[in-house]
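This report describes the chain as a whole, one of its sheets, and several backbone and side-chain details. The sequence and structure are shown first.

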Amino acid sequence: MTVRDVHAIDGKLPAPDARFDVVVVGAGSAGTAAAIAAAEDGASVLLIDENPVPGALIGSDVPHFYGGRMTAAVQQPARMLEQVFASNPALETAFAAGVDVRLGTCAWGLYVNGPALRALPGPMLGIADAEAATMVGFGRLVLATGARDLVLGFAGWNQPGVMGAQGFAALLTRYDALASRRIVILGSGALALETALLALSRGIAVVALVEVADVVQGPAALAAQVAAAGVPILLGHTVAATRGGIDGVEGVTLTPLPSPAQEDALEIACDTIVLAIGSAPATELLDAAGTLPSETIHLIGDAATVTRPDPAYLQAWATALGQHAPPDTIVCQCEEVTRADLLGVQPPRYLDRPHAMAARSLASLLNDGPAHPDQIKRLTRAGMGACQGRRCRDQVACLLAQQQGVPLATVPIASFRAPVRPVPLGILADWQESAAMTAGWDVWFGIPTQWTPYAVIGTPEEADHVAGLGGTMHV
């Protein structure tokens, strides 16, 4: 006879708060079109989008690298909501088609049964707005989550005015809340060229494109349009320094490669430096869930088509930018971890550094094998801040590759964990746990066949527990 573990979570997890045939995450053009098509086929459809993103999260560079170049308009929720609708008229069609549209709602966690989890009543998506967090079930999940900025640091990059191309486009087109007037763009690929043309179309001066390689990386046709507009593309150059003031970036110093000689430096006045070296598909939900696209879960739009830059190209940029970066250059803005802290495997400055800890270095870790970004994250807290590693994840990988003398392609990117969006604990914790779950909470992190719960220690039930489950140790 099989003895059922009374403390197992099987069958005790509650059903989702609601269930839809199709859930679409991301109400851009691709996601909205997918939601409308599914609704017209008779499916029940939920379409969620985190826009308008609260001003506090924009200030923390979530989900894009906004870089402190937003206007005060982002603090006006009603105006931001109007801008979201104005930038995507198809949302009205979605409403008319019967789609349940929820704006200002983020997806923070995806949960599906698999090798490490078999107790769910079905696949579920954790979502949250400003008021509550809920779980929704789905028959199919469509992720139209777009792409995120790839960020590489340099001297002075942690001041207002250094931002990502995705954040630049979002503030300019979706929110109409960009304060930039004179920009320098890093990169010469399609993303950089398209960013330059977008800026020019909105009356923003593009002073220069900067490229570490000796040839333009993007399509010749786009490069010709940029050149025809009078924008110089400075090949074989890197950032040596940034000049800042009370409002952030006021200028940038460029030097040619491979020589970093200051006598060849070029001073350019600008109020914004846009990182357009590359972007990555925003698949954090899948990464944190440990799953892949399937018949149930689909990627569409930029989340499906955007690819990361060639690792060698990304490493070339990181190396070039690092030539002039002093040891105190910030790597993780949230936790204020510097290059020296990271390479010394030191905790943030606000924590104590005992002598033994202060004496350690990356070399001490490498004696035990290749360093992993997750290991560095736990020891230095780089990547644990409000932006959840979006500004430092790739920098850490590049630095580890450089210090170990290995190709960047061999260094993994630090993992994601739910919640993949910052959600207040007061909202996440508002969960009505069942009595059956509450009764077993003290063994969820142990092995029920080895541990005796607190509540039965010293009672007649302790003997029953030992006899029935073999538990000989106490929690």
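Is Cys 334 buried, partly exposed or exposed? With a relative accessible area of 27%, Cys 334 is partly exposed, because that value falls between the 20% below which a residue is buried and the 50% above which it is exposed. The model in which this residue is examined is a predicted one.

**Cysteines**

Zero disulfides are present in the structure. Cys 334 takes part in no disulfide, and the nearest cysteine sulfur, which belongs to Cys 387, is 3.8 Å away. That distance does not meet the criterion for a disulfide, because the two sulfur atoms would have to be within 2.5 Å. Cys 270, by contrast with the partly exposed Cys 334, has a relative accessibility of 4% and therefore counts as buried.

**The chain as a whole**

The secondary structure of the chain comprises 18 helices and 21 strands. Its C-alpha trace extends over about 85 × 65 × 40 Å along the principal axes. The radius of gyration is 25 Å, and a compact globule of 475 residues would have a value near 23 Å, so the chain agrees with that expectation.

Of the 475 residues in the chain, 49% are buried. Among contacts with a separation of 6 or more, 65% are made by residues 24 or more positions apart. The accessible surface of the chain amounts to about 21200 Å², and carbon and sulfur atoms contribute 57% of this area.

**An open sheet of three strands**

Strands of a sheet pair through backbone hydrogen bonds, in either a parallel or an antiparallel manner. Here, three strands make up an open sheet in the order E12-E13-E14, with antiparallel pairing. E12 (237-245) and E14 occupy the edges and have a single partner strand each, so one side of each lacks a neighbour in the sheet. From one strand to the next, the twist averages 25 degrees.

The antiparallel strands E12 and E13 are joined by eight bridges. A hairpin of two residues connects E12 to E13. Within this pairing, Gly 245 is opposite Gly 248 in E13, and His 237 has Pro 256 in E13 as its bridge partner.

The loop that follows E13 (248-256) and leads to E14 (266-269) contains Pro 258. The peptide bond that joins Leu 257 to this proline is cis, with omega near 0 degrees.

**Backbone features in loops**

Most residues other than glycine have a negative phi, and most peptide bonds are trans. Four departures from this pattern are located in the table below.

| Feature | Residue concerned | Loop |
|---|---|---|
| Cis peptide bond, omega near 0 degrees | Pro 258, after Leu 257 | Between E13 (248-256) and E14 (266-269) |
| Cis peptide bond, omega near 0 degrees | Pro 419, after Ala 418 | Between H15 (393-404) and H16 (425-428) |
| Positive phi, near 60 degrees | Asp 61 | Between H2 (55-59) and H3 (77-87) |
| Positive phi, about 50 degrees | Asp 176 | Between H5 (165-174) and E9 (182-186) |

What is the relative accessible area of Asp 61? Asp 61 has a relative accessible area of 4% and is buried, because buried means under 20%. Asp 176 has a relative accessible area of 47% and is partly exposed. The value for Asp 176 does not make that residue exposed, because the exposed class requires over 50%.

**Leu 191 and its contacts**

Leu 191 belongs to helix H6, which covers residues 190-201. Its relative accessibility is 22%, so Leu 191 counts as partly exposed.

Which residues does Leu 191 contact, leaving aside neighbours within four places in sequence? They are Ala 165, Gln 166, Ala 276, Gly 278 and Ser 279. Ala 240 is not in that list. The C-alpha atoms of Leu 191 and Ala 240 are 23 Å apart in space, and the two residues are 49 residues apart in sequence.

Technical notes
Residues are numbered from 1 along each chain as its sequence is written. This is a predicted model: local features need pLDDT of at least 70, side-chain atom pairs count only at pLDDT 80 or more; totals for chains, interfaces and linings use all residues. Side-chain values use heavy atoms; hydrogens and water are left out. Helices (H or I, at least four residues) and strands (E, at least two) are DSSP runs, numbered from the N terminus. Buried means under 20% relative accessible area, exposed over 50%, partly exposed in between (1.4 Å probe, protein chains only). Two strands pair if DSSP finds at least two bridges between them. Axes are lines fitted to C-alpha atoms, for helices over the stretch in contact, and angles run from 0 to 180 degrees between N-to-C directions. The radius of gyration is taken over C-alpha atoms; the globule rule is 2.2 Å times the number of residues to the power 0.38. Contact means heavy atoms within 4.5 Å. Accessible areas come from the Shrake-Rupley method with a 1.4 Å probe; for residues, only the protein chains shown count as cover.
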